Amino acid sequence: MYDNRLQDIAPNALPPAIIRYLNAHRAHDTTSAVTAFTHDAVVIDDGNTYEGIAAIERWLGRAASEFTYTTRLTGAQQADAAHYVATHHLEGNFPGGTVDLRYRFTLRDDLVERLVIEP
């Protein structure tokens with residue numbers, strides 16, 4: 001793990017692929033969001049693993065329709081050129097109503113190769 005190397009950065013210093021994903025996800029724009037991922041990307045969210053663009057697109061579509069929520073980027077960190085963390089505060093009609101989530105990104109060739117979302 002790279003947690004011991006994380007340095008705070010300005011949210012606008014996140015790489016373009018991460019910003020594109022976050023903006024599209026916030027807008028529930030699944031078509032744009034999947035363009036931020038490599039063809040063989042892996043997403044791990046809520047204990048489930050989604051491998052490849054088709055699975056990630058289904059996950060994004062379901063996540064956008066399952067609950068109504070707002071999300072606010074509250075922090076960003078960088079470990080190295082390939083590893084970033086974006087922390088979000090979510091409020092909505094999901095169980096618990098509020099949560100802070102860490103989006104752990106691994107990049108390859110300027111695209112998201114791996115995303116792990118966890119509290």
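What follows is a short talk about reading a sheet, a buried residue and a pocket.

Me: What kind of model is this, and how are residues numbered?

Reply: This is a predicted model, where local features need pLDDT of at least 70, side-chain atom pairs count only at pLDDT 80 or more, and totals for chains, interfaces and linings use all residues. Residues are numbered from 1 along each chain as its sequence is written, and side-chain values use heavy atoms, leaving out hydrogens and water.

Me: In what order do the 7 strands lie in the sheet?

Reply: Strands of a sheet pair through backbone hydrogen bonds, either parallel or antiparallel. Here the open sheet runs β1-β4-β5-β6-β7-β2-β3, with mixed pairing. Strands are DSSP runs of E with at least two residues, helices runs of H or I with at least four, both numbered from the N terminus; two strands pair if DSSP finds at least two bridges between them. At the edges, β1 (7-9) and β3 (48-51) each pair on one side only. Strands β4 (residues 69-80) and β5 (residues 83-92) run antiparallel, joined by 10 bridges, and T70 stands opposite E91 in β5.

Me: Is T87 buried or exposed?

Reply: T87, in strand β5, counts as buried because its relative accessibility is 18%. Buried means under 20% relative accessible area, exposed over 50%, and partly exposed in between (1.4 Å probe, protein chains only).

Me: How does the lining of the largest pocket divide?

Reply: Rolling a probe the size of a water molecule over the atoms shows where empty space is left. A pocket is an open set of points on a 1 Å grid over the protein atoms alone, where a 1.4 Å probe fits, with protein on both sides within 12 Å along at least five of seven lines; lining residues have an atom within 4 Å of a point. The lining here has 13 nonpolar, 2 polar and 5 charged residues, where Ala, Val, Leu, Ile, Met, Phe, Trp, Tyr, Cys and Pro count as nonpolar, Asp, Glu, Lys and Arg as charged, and the others, Gly among them, as polar. Helix α3 (53-66) gives the largest share, 4 residues.
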